[in-house]
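Please look first at how the chain is laid out, then at what lies inside it, and finally at a part of its surface.

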Amino acid sequence: MSPLSETSAVEPFGGVTVPVTVDDHERCPATALLRRVGDKWSPVLLSLLAQRSHGFNELDRSVQGISRRMLVRTLRSLERDGLISRALHPGTPVRAEYALTDLGRSLRELLITLGQWAVVHETEMQTARARYDAGS
């Protein structure tokens, strides 16, 4: 059985079938991906790790405003999704080193494109927001 409800067809790249159920929305791979890259810290960490691998403490020092708890949670989520890898190096204490995986690098390319689109269209979106806000 399809992960989508029986009333919906699979439309991976071209549209949405109606009605869109809660299950359809929750099971959508794009929704899961947008949640991952749309959080506060994942894009920052992916950008840092695109440059080179980093140790945990190095990442902690490199990102102002992130708590150690949130850094751990975000790194674990990125690792779980296969976007980064974690290598443990022996010593006292054991040192963890994080790096972008091939999957993470492929996603990073798309995030760069999205970021470029945002920069190009920033003024248009600000104008649209101001027009909307003035009419509300």
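In this predicted model, a segment that comes before α1 (22-27) holds V16. Beyond that segment, the protein chain contains seven helices and three strands, and, read from the N terminus, its elements follow the order α-α-α-β-α-α-β-β-α-α. When contacts are restricted to residues at least 6 apart in sequence, 39% of them link residues at least 24 apart.

Of the 136 residues in the protein chain, 26% are buried. In soluble globular proteins, nonpolar side chains tend to be buried together. Here the largest nonpolar core comprises 20 residues, and L45, L46, L59, L71, L75, I84 and Y98 are those with the most contacts inside it. At least two residues of this core come from each of α3 (42-51), α4 (56-62), α5 (68-80), β3 (95-100) and α6 (102-120), with α3 giving the most, namely four residues. To follow the packing from a single side chain, one may start at L45, which, when residues up to four places away in sequence are not counted, touches L59, V63, L71, T74, L75 and L78.

The surface offers another view. The accessible surface of the protein chain amounts to about 9800 Å², and 57% of this belongs to carbon and sulfur atoms. Is V16 buried or exposed? V16 counts as exposed because its relative accessibility is 66%, where the cut-off for exposed is over 50%. Together with V18 and V20, V16 forms a nonpolar patch on the surface, and the accessible area of these residues together is about 320 Å².

Key: Residues are numbered from 1 along each chain as its sequence is written. This is a predicted model: local features need pLDDT of at least 70, side-chain atom pairs count only at pLDDT 80 or more; totals for chains, interfaces and linings use all residues. Side-chain values use heavy atoms; hydrogens and water are left out. A nonpolar core is a set of buried Ala, Val, Leu, Ile, Met, Phe, Trp, Tyr and Cys residues joined through side-chain atoms within 4.5 Å. Buried means under 20% relative accessible area, exposed over 50%, partly exposed in between (1.4 Å probe, protein chains only). Contact means heavy atoms within 4.5 Å. Patches are made of residues with over 30% relative accessible area and no salt bridge: like charges are joined within 9 Å, nonpolar side chains (Val, Leu, Ile, Met, Phe, Trp, Tyr) within 5 Å. Accessible areas come from the Shrake-Rupley method with a 1.4 Å probe; for residues, only the protein chains shown count as cover. A salt bridge is a side-chain nitrogen of Lys or Arg within 4 Å of a carboxyl oxygen of Asp or Glu.
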